[in-house]
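Please open the model in your viewer and keep the selection tool at hand. The tour proceeds strand by strand, with each stop naming what to select and what is found there.

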Amino acid sequence: RGDTAEHASFTGEVGECTVDTDKDVLVVHDNSTAGGHVMLGETQAKTFGFVHPVTHNNATLTIDLSYGSNQTITFSTAITTIDVTGATAGQSGSIFFDHNVGGGLSGFNNSKFEFAGGITAPASSLTSGSVDRLDYIVYVGTSGSEQLHCVFSVGVT
């Protein structure tokens, strides 16, 4: 075992397994590739079988995808500004917006969220108790310049 920095130059024996203690992932080595081969990356591990719950009570929302690829965001204040951070290129998932208020969602950062059909942002539900869904795949994961291809579904429940 070792941290990410220790793994960076370690090649290990063919078939040797180690654990990256920073990322909490299994690494298999082949005696030639520095850092080995991550078997299930931190982004993929966050995708399977887990929906990260978020409670939000502010008009400005930044979705942090480092918490997990799938999230449920329950909000009780209309959201007028939406941004994203912590994305990894190739990461995909679903964000559920659980409306606890009769307001809606607006203000998606158009430089980061690209919606199907080239629209800037779809209209959301306006009814308390409704749920909207944002499906996405990250095609630029550079911090501060994240870009997501998105499909938005209104009233999925």
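Select β1 together with strand β2, residues 25–28: the two pair in the antiparallel sense over four bridges. The model that contains them is a predicted one.

Within this pair, select V19, which lies in strand β1. Its bridge partner in β2 is L26. Is V19 buried or exposed? The answer lies in between: V19 is partly exposed, because its relative accessible area is 37%. Add L26 and M39 to the selection and display the surface; with V19 they form a nonpolar patch of about 250 Å² of accessible area together.

Now widen the view to the open sheet to which these strands belong. Three strands form it, in the order β1-β2-β3, and the pairing is antiparallel. Its edge strands are β1 (17–20) and β3 (37–38), each of which pairs on one side only.

Next, turn to another open sheet, formed by six strands. Following the order β4-β6-β8-β10-β11-β9, one finds that the pairing is mixed. The edges are held by β4 (52–56) and β9 (113–115), each pairing on one side only. From one strand to the next, the twist averages 30°.

For the last stop, select strand β10, residues 131–140, and strand β11, residues 147–153. How many bridges join β10 and β11? These strands pair over seven bridges, in the antiparallel sense. Finally, select L134 and look across to β11, where F152 stands opposite.

Methods. Residues are numbered from 1 along each chain as its sequence is written. This is a predicted model: local features need pLDDT of at least 70, side-chain atom pairs count only at pLDDT 80 or more; totals for chains, interfaces and linings use all residues. Side-chain values use heavy atoms; hydrogens and water are left out. Two strands pair if DSSP finds at least two bridges between them. Axes are lines fitted to C-alpha atoms, for helices over the stretch in contact, and angles run from 0 to 180 degrees between N-to-C directions. Patches are made of residues with over 30% relative accessible area and no salt bridge: like charges are joined within 9 Å, nonpolar side chains (Val, Leu, Ile, Met, Phe, Trp, Tyr) within 5 Å. Accessible areas come from the Shrake-Rupley method with a 1.4 Å probe; for residues, only the protein chains shown count as cover. A salt bridge is a side-chain nitrogen of Lys or Arg within 4 Å of a carboxyl oxygen of Asp or Glu. Buried means under 20% relative accessible area, exposed over 50%, partly exposed in between (1.4 Å probe, protein chains only).
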